[in-house]
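Visitor: I would like to go through this model and hear the reasons behind the labels. Could you show it to me?

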Amino acid sequence: MSNVGTSKGLLEVAKFAVYVSVPIGLMYFFANNTKNIQRFMGNRPYVVYPPEGPRPQSPEELREMAREIARKRKMEQSSA
């Protein structure tokens, strides 16, 4: 049938067993003892946001500031 010898066939079976058993073993380790996962996750920082800066002005405040600037320019132009 194939040229693969028994030693290569056993190696493939062993690799497959490792590939399947490692995830199952880890799931069993963490799922059966919640202290394990808390200890593991406790060492990893979650998202840390920088401190909150000053909030931008509201659109109404910005419009009022624009009106003030326009009034000042209009006054300067009419004075000159």
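Visitor: What makes Glu-64, Arg-67, Glu-68 and Arg-71 a network?

Guide: Those four residues are linked by salt bridges. A salt bridge here is a side-chain nitrogen of Lys or Arg within 4 Å of a carboxyl oxygen of Asp or Glu. Arg-67 and Glu-64 meet at 3.4 Å, N to O, and Glu-68 and Arg-71 meet at 2.5 Å, N to O, so both pairs satisfy the 4 Å limit. Please keep in mind that this is a predicted model, in which local features need pLDDT of at least 70, side-chain atom pairs count only at pLDDT 80 or more, and totals for chains, interfaces and linings use all residues. Residues are numbered from 1 along each chain as its sequence is written, and side-chain values use heavy atoms, with hydrogens and water left out.

Visitor: Why are Arg-67 and Glu-64 separated by about one helical turn?

Guide: Because they are three residues apart in helix H3, residues 59–79. Helices are DSSP runs (H or I, at least four residues; strands are E, at least two), numbered from the N terminus. An α-helix has 3.6 residues a turn, so residues three or four places apart point the same way. Glu-68 and Arg-71 also lie three residues apart in H3, about one turn of the helix.

Visitor: Why is Arg-67 called partly exposed?

Guide: The scale runs like this: buried is under 20% relative accessible area, exposed is over 50%, and partly exposed is in between, with a 1.4 Å probe and protein chains only. Arg-67 has 43% relative accessibility, so it counts as partly exposed. Arg-71, at 43%, gets the label partly exposed. Glu-64, at 34%, is partly exposed, and Glu-68, with 34%, is partly exposed too.

Visitor: How many salt bridges does the rule give?

Guide: The count comes to five. One of them joins the side chains of Arg-55 and Glu-52 at 2.7 Å, N to O. Arg-55 is exposed because its relative accessibility is 67%, and Glu-52 is exposed because its value is 61%.

Visitor: What makes Phe-16 and its partners a nonpolar patch?

Guide: Patches are made of residues with over 30% relative accessible area and no salt bridge; like charges are joined within 9 Å, and nonpolar side chains (Val, Leu, Ile, Met, Phe, Trp, Tyr) within 5 Å. The members are Phe-16, Val-18, Tyr-19, Val-20, Val-22, Ile-24 and Leu-26, with about 700 Å² of accessible area together. Accessible areas come from the Shrake-Rupley method with a 1.4 Å probe, and for residues only the protein chains shown count as cover. Phe-16 itself is exposed because its relative accessibility is 59%.

Visitor: Where is Phe-16, and what is the length of that helix?

Guide: Phe-16 sits in helix H1, residues 6–32. H1 has 27 residues and reaches 38 Å from its first C-alpha to its last, close to the expected 39 Å. The expected span is 1.5 Å times one less than the number of residues.

Visitor: Where does H1 bend?

Guide: H1 bends by about 25° at Ser-21, and Pro-23 follows within four residues. The bend is the angle between axes fitted to the seven residues ending at a position and the seven starting there.

Visitor: Which residues does the "transmembrane region" annotation cover?

Guide: In the unreviewed UniProt entry, the annotation covers residues 13–31. UniProt positions are given in the numbering used here, feature names are shortened, and annotations may be inferred rather than shown by experiment. In the model, that span is 100% helix and 0% strand, with its end C-alpha atoms 27 Å apart.

Visitor: Is Pro-45 buried or exposed?

Guide: Pro-45 is exposed, because its relative accessible area is 70%. Pro-45 lies in the loop between H2 and H3.
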